[in-house]
Each structure stands twice: as C-alpha cells, then as structure tokens.
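Got your viewer open? Let's take a short walk through this structure, one selection at a time.

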Amino acid sequence: MIQAFHCLILLTITISSLSQKNQDLRLWYKQPSGDIWENALPIGNGRLGAMVYGNVEKETIQLNEHTVWSGSPNRNDNPLALDSLHIIRQLIFDGKQKEAENIANRVIITKKSHGQMFQPVGNLQLSFKGHENYSNYYRELDIEKAITKTSYSVDGITYTRETFAAFADRVIIVRITSSKPGSISFIASFSTLHKTPRINTTGNDLTLTAITSDHESVKGMIRFKGIVRIKQEGGILISNDTSLIVKNSNTATIYISITTNFNNYNDISGDENKRAINFLNRAYARSYAAILNSHITAYQKYFNRVKLDLGTNEQAKLPTDERLKNYRSVFDPHFVSLYYQFGRYLLISSSQPGGQPANLQGIWNNKMRPPWDSKYTININAEMNYWPAEKTNLSELHQPFLEMVKDMSVTGKQTAKEMYNARGWVAHHNTDIWRATGAVDGALWGVWLAAGGWTSQHLWEHYLYSGDKNFLASIYPVLKGASTFYVDFLIKHPKNNWLVINPDMSPENAPKAHQGSSLDAGTTMTNQIIFDIFSCTIKAAGILKKDIAFADTLKQKRKQLPPMQIGQYGQLQEWLEDIDDPKDDHRHISHLYGLFPSNQISPHRTPELYHAAKITLLHRGDVSTGWSMGWKVNWWARMLDGNHAYKLIQDQLTPAGTNQGGGGTYNNLFDAHPPFQIDGNFGCTSGITEMLMQSVNGEIHLLPAMPDLWQTGSISGLRAIGGFEIINIEWKNAKIVKAVIRSTIGGNLRVRVPGRMKLNNGILKDAVGKNNNPFFHIEETPSPIISPKAAIIMPQIKETFVYDLPTLAGKTYTLIAVQQ
Ligand code: FUC
C-alpha cells in the first residue's frame, strides 16, 4: 500500500490554479450509452426516476416510479417459530448450530413472500429517422442543476436534448431543440416488460397502463399509468394508435407523468388515472422555462448547501469514463469531489419527503426481477443509504427512511407477537414497500433480529442533529417498541449468564467452527446494537420525562449484555467464542458497527478496542463488494488513517470488473457490488465526510483523517450533532487554517482540531472534563475482556487540540490557526 502510494505521488500532476471549467460538477462522455444501462445517466425527483441513454437515432429513457412494486399488502410471518423457539435456542447453546439452522429454515423462515420487487415502468423510445450518421457527439449530467443533456450534429444541424425529473412539477421533461427551425422530427412510443399492458393514444396523449407482477403467491395489484404529451413549436403533431409523431418542429417539449394507486403499505385505493392527468395538466399549463426554473431552485435548495474543494488539475478536463480508468494511477482530486457530490445528487434524486426511501438501487431499475428484488436489506445496505443524510446537510431527505422505520414499528409488532410472543416490534434482515418484517431468504441470512434496534437509531440520530424535541416525542414509541422487544427476547447465556439474543447471527457470516452455520447467540454486533438502542431509549425517556421504571429496566438489562472481547490474534471478536479466522475476508464486518456508525470504539476512550478493531480491519483486507469498500472508508476515517481511507476510495473508484474480483464503479459512477447497488455510492460519500469531519467521541473533530495527498482545500456546509453547522473548514499545506461554525441551538461546542487555534474575537479555552452539552453525552461500554494470547499495542495518535466554546443559538464562531 505504501508502495502504491509513492507511485501515485510520482504520477501526481501539478495542481493548477482552480479554473472554473476544472471545478465543474458534470459527468460527461463523448459517446452514447449504446445498450449498456450502466452507461446511462440517472435523473430523479424522489417519485420518478429515469435513466437517459443519450442514444442518437433511437433514444431510450428508461422510466421508474417509486411505488411500482410487485405484490400488494401482505405479511410474511411464520407462526411456527414460537413452538420451536426453545429447541432452536437450546441447540445453539449446545453448539449444534447446523441442527438449529435446519429447524429455523422450516419454522422461522417465511413460507410466504420473501419480499416483493421494485419494478420498472417501461421505456419511452424516441426515434429520429435519418440521424444514424452524426458528429460532434456530447452528453452530460450536470449535477449542479440535475439536468442531462445530449447534443450532436447531423447534416450541419445541431440537435440538443435536455432531460430532467422536475422536482416541483412532478413530471419528467425532455426538451428537444435544434440550430435550424423546422428540423425536429421524431416518433415517441412506449415499451414495457409488464404483462398485458395497454399502450394507446387518446387525442394527443400517449398512455401506458399496466399492473405489477404477482410474486411468491402475492397478487400484483399496483396499477400504474404513464402519460406522455408533447408541446411543439411549429411543424405538426400526429398521433396514431400507439405513438406520437412530430414533424418539422422548431422545438418539442415532452411531458411525462407517471402515477400509481399506492397510498401506503396498507392502502392501494388511490386513483392512478386522476393523479397522472392532474400532474400532467398542471405541468403542461406551465412553460418549459418556468418548470426548469422551479426545478433548479428546488434542487439547489438541497444541493448547494455543501461545497467541497480538494483542488483540481488537468485530469478534470477529461470525460468521466476516462477519469475513472485513470483514477488509480493518476492523481485527480476533483474526481473525489465529483463522486462525493454525485452521492448527494443521488440522495436528493431518489429520496424526497413523502416518497419511498432509496432502495437497493435508489430509484433506478430496468429489470422485472432485479437483483435482491431491489428492496431494502436492513442488515446494512438500507442504513448505509442514509449515512450521508444528516451530516451532508440533507436532513429532510432522511424522512422517507424514518417513515419506513415508523411503519415497521407497526407491522413488526405483529411479527414480534406471532413469532416470538414478545412485546414491542421486530424486523428481520429485509423489508419492502409492504413493510414485511418476517424472516426471508434462508436461515443463514434471515434469522437476524437486530434490524429494529439498528434502524430505530436513525430516528435518534435525526434528533441529535436537529435537537427537535417534538420530533423526539413523536418517535419515542418506536424507540421504546424496539427496546421492549429486546427486553422480552434477551435470555441468559448458560455459560456466563450474560443476556443474549438467541437465535442471532453476525450478518451473513458463518464461522467454520459452527459447521458453516451463521446461527449463534449474543454476537458482538447485536450486543452493540442493543446497547445503543437501550441507551438512546433511556436518554429519550429522560428528556421527555417519562417511563422512569422502563428506563430502569433497560439500565439493568444493559449491564448484563456481553462486553466486547479481544481475541487471540488481538482482533475484536465477532462472536462470543474466540473463533475468528484471520484469513476470513467476508464482506460484512458487522462487529465494527461499534466503530462506525456507532461510537463505542474510540482511540481516546477505548484504546485497546480501537487497536483490536484495526487488527480486524487488516485481517479482512480492502477490496470487496462495493458497499463493503464504502463502509471501510468510514472505518479507516474513524481509525484516523486518511491514507488508508484514501486507498479504499481508490479501490472503490476502480472500473467495475477490473478489481480483483471485487466491486468498483460503472461508467456512470454508479457503485458496482457488482451488480449495481447504490449503497456503495452513499457509503463512500459518508466516508469522505468522515475523513473531513466527525461528530464523535463527545466532540466535533475537524480534519480527523486527511490523506497526505489532500494538502489544500475546503469544505463548507456540513452538519454535526448538537445542531452545529460547519459553515467552513479550510486547510493549506496540510494544516488547518480556519473553521467557521454556527450554532443553531446553543450549548457547549467541543471541537478537536489538528493544530492550535484561537477565536478571532474572544478566548478559546482548552477543554476540561466531560462535554456538558447533552447531545454529546457518550454512554461508556464496559471494559473489554482480553484474551491472554492477545498482544495489545497502544495506538499512536497524532497530536490534536481540544477546545470548549460556549455557544448561543444563531451565532457564528470563527476559529483561526495560531501561527507556530
Ligand atoms: C446483503 C449483502 C449482499 C448484498 C445484499 C443486497 O445480503 O450481504 O452483499 O449487498 O445484501
């Protein structure tokens, strides 16, 4: 790794002064997508998604709508679980995991739906006869405006298409212009993979109606309707049975409206026809310019909040696919900024208040049977999608995920009762638009009951960032319900009397010692998750001044959870027994949940565990599936090792299919698991943020993990817990220069920085004792148990400086470096 790093420095191109062009946030290409979906460019407004191919003579705009899912309201609990629970538990305690797994496959894993599928709507095809021979081809996705553009010339005439998913107007717009009046002629038609669709024209409207698939015995009952209407200037518009024909126009603007009958996971009584025509009529009455303006304003409200400058150089002038090819060997700092902002672009485009959360593919899928159904895997992937939400200042976009957790707290109540005779609510490792909370796939993956505990913490996180007590009061029952389930479900481990979850697993990893079965009791990740959900429920009860007795119960139970353990190789143990294999390179490293996203492992508070986490990370290696590498960027940032985090960004920004069997990135910068999964994009965007700023360890740490290559730069607009906005951090020659922080709710600001700083107009005091700001209160985990065989080396940490600054709501504070 060090060698690779030196190589890179040799190849480094001198950073030129920042020209505007080199800082552009565009993905652009010199060639059309052809028939490769992963070359096409994604647009979306949280309700509608589309992949724009930019093909010339036959353009394809592949369409998605957030609620087009197979099936209909359904549940997938397996009531047989209850009778066999005690047998399964006993077998696991007796070390007979495989036998337990066999039974669990029969009685815990669902006999019904293993989750429904997110399905495509279809394609809008635009065919331009005579455009086969073109020149001057160019296409781009401008992520500062959320618009794609394709342009080319035929016979001396330049044609331009602009496509976007209008945020405010809830339609997709395709605008076609040309350099010569009267030269635009094309045919628009729909195609779809759904069975028995109806495609026809009514007047000058082209419509597509269909119903989603039946799947795993659940009847497909989402009806969707797509309508295309064209406004043209000059020329003529003809409609035949199944297509619209534009001839000799000066401009043409295509309006696409798509809606369904979905109201919520339990109600599909909406009227897709009325909805589709209403949105269309409203948008059609407005001019292209008006729609475009509202679109850009609505998008930039979110996007412009954060700016990242890591420098730029000549590489930034190349097309995106060439930059991707070069990235491992040629220094291209701006490519990281582009990829970072693309992550934010994807979240804004796939997750809007009132809509569905970003699924495994965000809102972009062209397959009737997508990989893993393109649903929600809640043992890591769906949570990862939302890691950037709060800290990259997109808090409102967290809402669809938070709503999904609230929904699961309702559906999961019945699952808890029927399957485990427990109060509260539970979810297993997957859910879908119907908020199914049963166990799916197979016992090796599905017998995991920690999803309620993990997903609920997103609600708590939203509170920590906003300080909004009304919100906390509204979601407290969800936290309480998640904790209540564990109160009822924890049992004493016969060997050591710890309270454990049984059956349990460390997601999807099956240690050799357990005959290849993943089932176990009291795995490290689950213990950490329960510690966290109990801790935040206790705090929430305290803030809301309620449930004193319940909080007491949680405190008692929390004390009896297994502590973390350091095993024979010095590694953080994944299971209660010291059975980790140092050669195991499994993509899930679930027990490092305690390092990130949680903060139970810290270089300052728990140095032994911190070192053990590092050994674990080194054992597991770097290259893996896309999302696994995305998580690793966050972990190495928490390890305060910027160079290693940077190495993982390089691994992730490697063209898909060329990465030693691991994941990487497609030409359109979608993350490759492979196949495409959006979690890796979001995970890496979160990780880059963690390199620059962390709300961690009871403080805000600025520039905690800077790679040597990022000598000079700035980031503005991040958010930290406690309602702080990090208006700007600036660094030069690898030294912090200035930090500007605004307090929105007041309270002590404890800040850790890599160099001495002072306040520009006041005194900056060294921090003493614990941070008295309640948002930064850390619940300490018990001391770890350390194997006598483990060699513990205390970490060497770079010198930092920690200050306390009492703040007032609404005030901004400027810290400047003290010249040494
Ligand atoms: C989990 C992961 C897989 C994949 C799937 C969607 O099961 O282990 O790698 O990402 O989710």
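This tour has two stops, the ligand and then a helix.

Before you start clicking, keep in mind that this is a predicted model.

**Stop one: the ligand**

Select the ligand and show the residues around it: L360, W372, T377, N381, E508, R587, H588, W627, H673 and Q677. Try colouring this shell by class, and you'll get 3 nonpolar, 5 polar and 2 charged residues.

Now pick out a few side chains in turn. Start with E508: an N or O atom in its side chain sits 2.5 Å from an oxygen atom of the ligand. Next, click H588, where a polar side-chain atom is 2.6 Å from a ligand oxygen. Then go to Q677, which has a side-chain N or O atom 3.0 Å from an oxygen atom of the ligand. How much of the ligand's accessible area does the protein cover? On its own the ligand has 290 Å², and the protein covers 97% of that.

**Stop two: helix α4**

Select residues 272-284, which make up helix α4. If you measure between its end C-alpha atoms, you should get 18 Å; that agrees with the expected span, because 13 residues at 1.5 Å a residue should also give 18 Å.

Next, highlight E272, A276, F279, L280 and A283, which are buried. Look down the axis: these buried residues cover an arc of only 95°, so they lie on the same side of α4. Finally, turn the helix around and select K274 and R282. Buried or exposed, what are K274 and R282? Both are exposed, on the other side of α4.

Conventions. Residues are numbered from 1 along each chain as its sequence is written. This is a predicted model: local features need pLDDT of at least 70, side-chain atom pairs count only at pLDDT 80 or more; totals for chains, interfaces and linings use all residues. Side-chain values use heavy atoms; hydrogens and water are left out. A residue is near a molecule or strand if one of its heavy atoms lies within 4 Å of it. A polar contact is a pair of N or O atoms within 3.5 Å; within protein, one must be able to donate a hydrogen and the other to accept it, and residues adjacent in sequence count only if both atoms are side-chain atoms. Accessible areas come from the Shrake-Rupley method with a 1.4 Å probe; for residues, only the protein chains shown count as cover. Ala, Val, Leu, Ile, Met, Phe, Trp, Tyr, Cys and Pro count as nonpolar, Asp, Glu, Lys and Arg as charged, and the others, Gly among them, as polar. Helices (H or I, at least four residues) and strands (E, at least two) are DSSP runs, numbered from the N terminus. The expected span of a helix is 1.5 Å times one less than its number of residues. Buried means under 20% relative accessible area, exposed over 50%, partly exposed in between (1.4 Å probe, protein chains only). The arc is that of the directions from the helix axis to the C-beta atoms.
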